[in-house]
Amino acid sequence: MSGSITFVGAGPGAADLITIRGKRKIDSADVIVYAGSLVDERLMDGSRAEKYNSASLNFEEILEILVRSWREGKQVVRLHTGDPAMYGAVGEQYRALDALGIPYEVIPGVSSVFAAAAALKVEFTMPGVSQTAILTRDSGRTPVPEKENLESLAAHGSTLCLFLSAGDPEGVVRKVLASGRPPETPAAVVYRAGWENQKIVRGTLADLVERVREAGIRRQAMIVIGDVLERPGEMSSLYDRNFEHGYRRRKQFPGHSAIFALTSAGVLKAAEIAAGIDAPVFVAEKYRHLVASDRVVPYPDGGFREAFRSAWNNYDGFVMVMAAGIVTRECAELCRKKTTDPAVVVADELGRHVISLLGGHLGGANRLAEDVASVTGGEAVLTTASDLQGMLAVDEFAARNAMRVLNPETIVRISSAALEGRRIDFVLPESLFRSFYSKVPNFHRVAAPGENPAVVLLESGETVPALHSGETVLYLKRRRFVLGIGCRKNASPEDLEQTVSSVLEHAGGSWENVVRIATADLKLEERALRDLAARHGVRLTGYSAEELNAVSVPHPSEAAWKSLGIHSVSEAAALLASGSRKLLIEKTKGNGVTVALAEEKENDQ
Ligand code: SAH
């Protein structure tokens, strides 16, 4: 075997604060050169390597050991404290090895600056306080370039982290005060962060020197200065409800998706998408190690085709990270009907183009493409005509508002009339019409359909007219949702209301879609439930333990079984009351409440 040289960041101290990769290297090393007092020697317990403490060696001697051992074909580890990149004196070692043409690898470590932050439980970058941490040192034996002198760096008002400076706290404080920072600025010193004998000293610029002296700290310590130590300030916009980024953006596609990929680059992109949209990733066995074990679904023996075919009816959407041609050929044989086919989206291996391939409106593929594009930072490629005009197609409108299209044959007629600029009438509640169509000049809201092509939402109880083939009216009906709800005794009505709203929103629907609330008989008297049903004018139904236990559900609950003798309340009740075999939204937990959603079977579908 040929030799190797690896620079490893040992972390700040504690033997379990090293990376797994670094520890493995140590365990298999033949030679270890480690940096004296700041590396915990327990890291090398059990290693049979020849060990050299670099504290007693000069640069040439260290280099000689590295090079000789490498030439002898040995596995060499150069172990540095914290992370090698901070004051590790690795730069000259890299340069010397480069000059000799000897390859090496570097494994990072937890720097003492971050171990100190952990000990202090501080965030260096708090919004409104400081968005910058300066990692530096006071000038000592090694001079600091003039432009980086402590006075000028401190003047920024940023969080300051000082390595190698605890020996002269007076000097540090004097320079920071001279920069204009006020004496009440919080300051702290962490001695041997991460070790068993870690010590923390907190104070202000005014009293830091005295406190450090009292504690007897002179070395192996990190000085941190800045207002962040007091944790004042604003909330990070990361937690702001209105702040949306790649992973926090609300998903638009309401159903369950599956992701397929064929190549290693594709699988890596698929795993990234999966984490963003919360979906399983189907891959060949040889790639399963690239995906978290909770998400990965290896193809059965038949490979990709078999896996895709058998998944076709089990998911609402597919994200295919591969060439569009492959997907088109596969789908050609599986497609049946616009109203029932799943959404299919194709993405390239970089996630740059995310194409809504099949089921753009009704299937939700346009929305799924947008979800995926927002995870990858790519562009959703939509080709459905009315999206190009910036006007929401009626089938997309229906899908987004949890409505069904009763006569999909008429969609084309309405869409082309709309695109030609002809007048279209809508029989819709005012607010719905306003939020989607009030800006389209040729769309009008009317009380009843007349001569013009029209879109009519039938409210519950309204009978579905006899539909004929030349129909110029497109009929929509709200999908009928059943809420299954379980709750703790005396659960709060507000918490319940909130959990239900988020479940409904997730399904793309609203209370208008809810036809029934179902629960266990035992819970029928719970106030939160009765209030909810009354407030929204929805019927509340209970089921006996026996009835509920006869239904098999995705998430049976241990707790409900112990306290009520029921395996599942929310999921079982939703399934029973809807007569459906699949849940639209599986059990969602709120504070003391669980909510599941199913769709009632329709006879006229
Ligand atoms: N590469 C190392 C730093 C080496 S310079 C790292 O990333 O942590 C040595 C200086 O690091 C010390 O003077 C001290 O300021 C700081 N230091 C190293 N280990 C420390 C620890 N466990 N606690 C506090 N400071 C430490």
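This report covers the ligand site, the aromatic groups and several single residues of a predicted model.

## Ligand site

Eighteen is the count to start from: 18 residues surround the ligand. Among these, Met86, Ser111, Ser112, Ala193 and Ala221 come nearest. By residue class, the shell holds 11 nonpolar, five polar and two charged residues.

Threonine 81 places a backbone N or O atom 2.9 Å from a ligand nitrogen. Aspartate 83 also uses its backbone: one of its polar atoms there is 2.8 Å from a nitrogen atom of the ligand. Serine 111 uses its side chain instead, with a polar atom 2.8 Å from a ligand oxygen. On its own, the ligand has 540 Å² of accessible area, and the protein covers 94% of that.

## Aromatic pairs

The whole structure contains 25 aromatic pairs. One of them joins phenylalanine 260 and phenylalanine 304. Their ring centres are 5.9 Å apart and their planes meet at 75 degrees, so the pair is edge-to-face. Phenylalanine 260 belongs to strand E11 (residues 257–261), and phenylalanine 304 to helix H9 (residues 303–311). The two are 44 residues apart, so the pair links distant parts of the chain. Both phenylalanine 260 and phenylalanine 304 are buried.

Tyrosine 315 and phenylalanine 318 make another edge-to-face pair. Here the centre-to-centre distance is 6.0 Å, with 70 degrees between the planes. Burial splits this pair. Tyrosine 315 has a relative accessible area of 21%, so it is partly exposed. Phenylalanine 318 is at 0% and therefore counts as buried. The four residues named in these pairs sit in one aromatic cluster, made up of Phe260, Phe282, Tyr299, Phe304, Phe308, Trp312, Tyr315 and Phe318.

## Charges over rings

Arginine 192 has its charged end over the ring of tryptophan 195, 3.8 Å from the ring centre. Lysine 199 does likewise with tyrosine 191: its charged end sits over that ring, 5.7 Å from the centre.

## Positive phi values

Arginine 192 has a phi near 45 degrees, which is positive in a residue other than glycine. The residue lies in the loop between strand E8 (186–191) and strand E9 (199–204). Its relative accessibility is 13%, so arginine 192 counts as buried.

Tyrosine 87 also has a phi near 45 degrees, again a positive value in a non-glycine residue. Its place is the loop between strand E4 (75–80) and helix H3 (91–100). At 38% relative accessibility, tyrosine 87 counts as partly exposed.

## Serine 557

Serine 557 sits in the loop between helix H18 (545–549) and helix H19 (558–564). Its relative accessibility is 19%; buried means under 20%, so serine 557 counts as buried.

The serine 557 side chain has two backbone partners to note. It reaches the backbone nitrogen of alanine 559 at 3.3 Å. A polar atom of that side chain also lies 2.9 Å from the backbone nitrogen of alanine 560.

## Leucine 529

Leucine 529 is part of helix H17 (residues 527–536). At 0% relative accessibility, leucine 529 is buried. From serine 69, leucine 529 is separated by 460 residues in sequence. In space, the C-alpha atoms of leucine 529 and serine 69 are 74 Å apart.

Technical notes: Residues numbered from 1 in each chain as written. Predicted model: local features only at pLDDT ≥ 70, side-chain atom pairs only at ≥ 80, totals over all residues. Heavy atoms only, no water. Near = heavy atom within 4 Å. Polar contact = N/O pair within 3.5 Å; in protein donor to acceptor, adjacent residues only side chain to side chain. Areas by Shrake-Rupley, 256 points an atom, 1.4 Å probe, with all protein chains shown as cover. Nonpolar A, V, L, I, M, F, W, Y, C, P; charged D, E, K, R; others polar. Phe/Tyr/Trp six-rings, centres within 6.5 Å; stacked < 30°, edge-to-face > 60°. Helix = DSSP H or I, 4+ residues; strand = E, 2+ residues; numbered from the N terminus. Buried < 20%, exposed > 50% of the residue type's maximum accessible area, 1.4 Å probe, protein only. Lys NZ or Arg CZ within 6 Å of the ring centre and 35° of its normal.
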